[in-house]
Amino acid sequence: MEKATKKNTQEKGGNATKSKAGVPEEARSLLLKFFTDEIKDIYWAEKHLTKALPKMKTAATSEELQLAFQTHLEQTGQHVQRLEKIFGLLDQKAQAKKCDAMEGLIKEGESIVDDTDEGTATRDVGLIFAAQKVEHYEIATYGGLSQLATTLGLDEIAGILGETLAEEKETDELLSEIAESNINYEAAEEEEKTK
Ligand code: FE
Ligand code: FE
């Protein structure tokens with residue numbers, strides 16, 4: 001396979017057909033299209049989150065959790081802006097493509113709120129569950145995108161995606177800490193009271 005590729009490249013005139021990152025041009029343009037489509041997808045997801053996070057904050061009981069949602073809402077606004085910057089660097093206008101996965105994750109979060117009582121630690125546990133699933137989806141997406149940007153030789157874009165990736169990871173860790181330090185224990189007591 002490797003030999004065939006080398007021969008092919010030589011016939012086409014060596015490195016002239018290769019991009020800066022060493023990926024053949026034809027493959028690069030296909031990959032770039034895929035990459036751009038995925039940027040549109042996460043752009044929709046982040047914009048959707050700017051509408052969902054205020055509702056999650058309102059549904060939360062613990063002040064610590066409310067604050068975490070507020071902080072991440074502000075960060076999410078920056079994630080949207082960074083993606084708009086990336087569209088600019090790609091010479092594209094910012095365009096959102098519906099992300100079915102994020103829509104589903106948010107719906108799941110809403111049903112958790114419907115199924116739990118207001119003002120309970122159990123609802124907070126549920127909200128943390130839902131929020132961490134969202135963060136993990138974003139971590140997977142930004143991890144993949146930043147790697148792909150590097151492969152495509154888009155180093156500036158890779159750096160921008162890396163900044164957002166770091167914030168998603170921090171948020172995930174913060175939510176774990178909030179759950180572990182207080183809320184899970186409170187929720188366990190709630191269950192005993194109802195018995
Ligand atoms: Fe985000
Ligand atoms: Fe996030």
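1. Helix α5 covers residues 121–151, a run of 31 residues. From its first C-alpha to its last it reaches 45 Å, close to the 45 Å expected at 1.5 Å a residue. The reader should keep in mind that this is a predicted model. Just after α5 comes glycine 153, with a positive phi of about 80°.

2. Helix α5 also contributes to a metal site. Glutamate 135 and glutamate 138 both belong to this helix and stand three residues apart, about one turn of the helix. Glutamate 135 is buried, as is glutamate 138.

3. The iron ion (ligand 2) has as its protein donors His72 through NE2, Glu135 through OE, listed twice, and Glu138 and Glu168, each through OE. These donors lie 2.0 to 2.6 Å from the ion. Along the chain, the donors of the iron ion (ligand 2) follow the spacing H-x62-E-x2-E-x29-E.

4. Glutamate 138 has a further role in the geometry of the site: this residue bridges the iron ion (ligand 2) and the iron ion (ligand 1). The two ions lie 3.3 Å apart.

5. A search of the whole structure for aromatic pairs finds one. Its members are tyrosine 43 and phenylalanine 87, arranged edge-to-face, with 5.2 Å centre to centre and 70° between the planes. The pair links distant parts of the chain, 44 residues apart: tyrosine 43 lies in helix α2 (residues 25–59) and phenylalanine 87 in helix α3 (residues 63–89). Both tyrosine 43 and phenylalanine 87 are buried.

Technical notes. Residues are numbered from 1 along each chain as its sequence is written. Chains are lettered from A and ligands numbered from 1 in the order in which they are written. This is a predicted model: local features need pLDDT of at least 70, side-chain atom pairs count only at pLDDT 80 or more; totals for chains, interfaces and linings use all residues. Side-chain values use heavy atoms; hydrogens and water are left out. Helices (H or I, at least four residues) and strands (E, at least two) are DSSP runs, numbered from the N terminus. The expected span of a helix is 1.5 Å times one less than its number of residues. Donors are N, O and S atoms within 2.8 Å of the metal (3.2 Å for Na, K and Ca); water is not among the atoms, so sites may look incomplete. Buried means under 20% relative accessible area, exposed over 50%, partly exposed in between (1.4 Å probe, protein chains only). Rings of Phe, Tyr and Trp (its six-membered ring) pair if their centres lie within 6.5 Å; planes under 30 degrees apart count as stacked, over 60 as edge-to-face and the rest as tilted.
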